[in-house]
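Dear colleague,

I am handing over the structure we spoke of, and below it you will find my notes on what turned up in it. Please read them with the coordinates open beside you.

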Amino acid sequence: MTGLLRSIGFVAIVVGTVAPASAQQPVPAGHIKTVAGSAFVVREHGTVPAKPGDAIFASDSLRTSADGAVGVTMRDDTRLSLGPNSEVRVDRYVYSPGEGGLGMVLKFVRGAAVYVSGRMAKLAPDSVRLEAPSAIVGVRGTTVAIKVGS
């Protein structure tokens, strides 16, 4: 009986130490390259000031104030720049070309932005969508300037 309890205790310790190591952190969709003025990353747990080098993830939003601008490079080398009083949400981002997983949906909420396509648009053009309140843009490997609102 003592040997059985010792074995169960050992298994519990091994499982307890292995489980957290196997839990994977989400893979960043991209990184912030430049920030000017007031720019923020909005996540489910709150809003944080954007800083160069910060990771952004699928479901994050980028928001700028009247004096703000932010530049982002995604994992596939897509580049996104937001001007003052702008907001865009990374609604979906999957970049695993080896496994055939490709998909990006950017939702432009307000303001002005420039999008320069990366490798994903070249590999699978139908996997990239840029959405605005009154339009959806299909990307075929290009540069797009978007203005939402007046």
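Let me begin with lysine 107, which, once its neighbours within four places in sequence are left aside, is in contact with Glu87, Val88, Arg89, Asp91 and Glu131. Please bear in mind throughout that this is a predicted model. Lysine 107 belongs to strand β9, and with a relative accessible area of 31% it is partly exposed. Its C-alpha atom is separated by 6.6 Å from that of valine 90, a residue 17 places away along the chain.

One of the contacts just listed is also a charged pair, since lysine 107 forms a salt bridge with aspartate 91 in which the closest N and O atoms are 3.5 Å apart. This pair links distant parts of the chain, with lysine 107 in strand β9 (residues 101-116) and aspartate 91 in strand β8 (residues 87-96), 16 residues apart. Aspartate 91, with a relative accessible area of 31%, is likewise partly exposed. Both residues take part in a network of salt bridges that links Arg89, Asp91, Lys107, Arg129 and Glu131.

The structure holds nine salt bridges, and two others deserve a description here.

In one of them, arginine 43 pairs with aspartate 60, and the closest N and O atoms lie 2.9 Å apart. Because arginine 43 sits in strand β2 (residues 39-43) while aspartate 60 sits in the loop between β4 (55-56) and β5 (61-64), this salt bridge ties together parts that are 17 residues apart in sequence. As for accessibility, arginine 43 counts as partly exposed at 31%, whereas aspartate 60, at 3% relative accessibility, counts as buried.

In the other, aspartate 77 forms a salt bridge with arginine 119, with 2.5 Å between the closest N and O atoms. Aspartate 77 is found in the loop between β6 (69-74) and β7 (79-82) and arginine 119 in helix α2 (residues 119-123), so that the pair ties together parts that are 42 residues apart in sequence. Aspartate 77 is partly exposed, its relative accessible area being 38%, and arginine 119 is partly exposed as well, with a value of 37%.

As you go through these pairs, it may help to recall that side chains of opposite charge can pair when their charged atoms come close.

With best wishes

Note on methods: Residues numbered from 1 in each chain as written. Predicted model: local features only at pLDDT ≥ 70, side-chain atom pairs only at ≥ 80, totals over all residues. Heavy atoms only, no water. Salt bridge = Lys/Arg side-chain N within 4 Å of Asp/Glu carboxyl O. Helix = DSSP H or I, 4+ residues; strand = E, 2+ residues; numbered from the N terminus. Buried < 20%, exposed > 50% of the residue type's maximum accessible area, 1.4 Å probe, protein only. Contact = heavy atoms within 4.5 Å.
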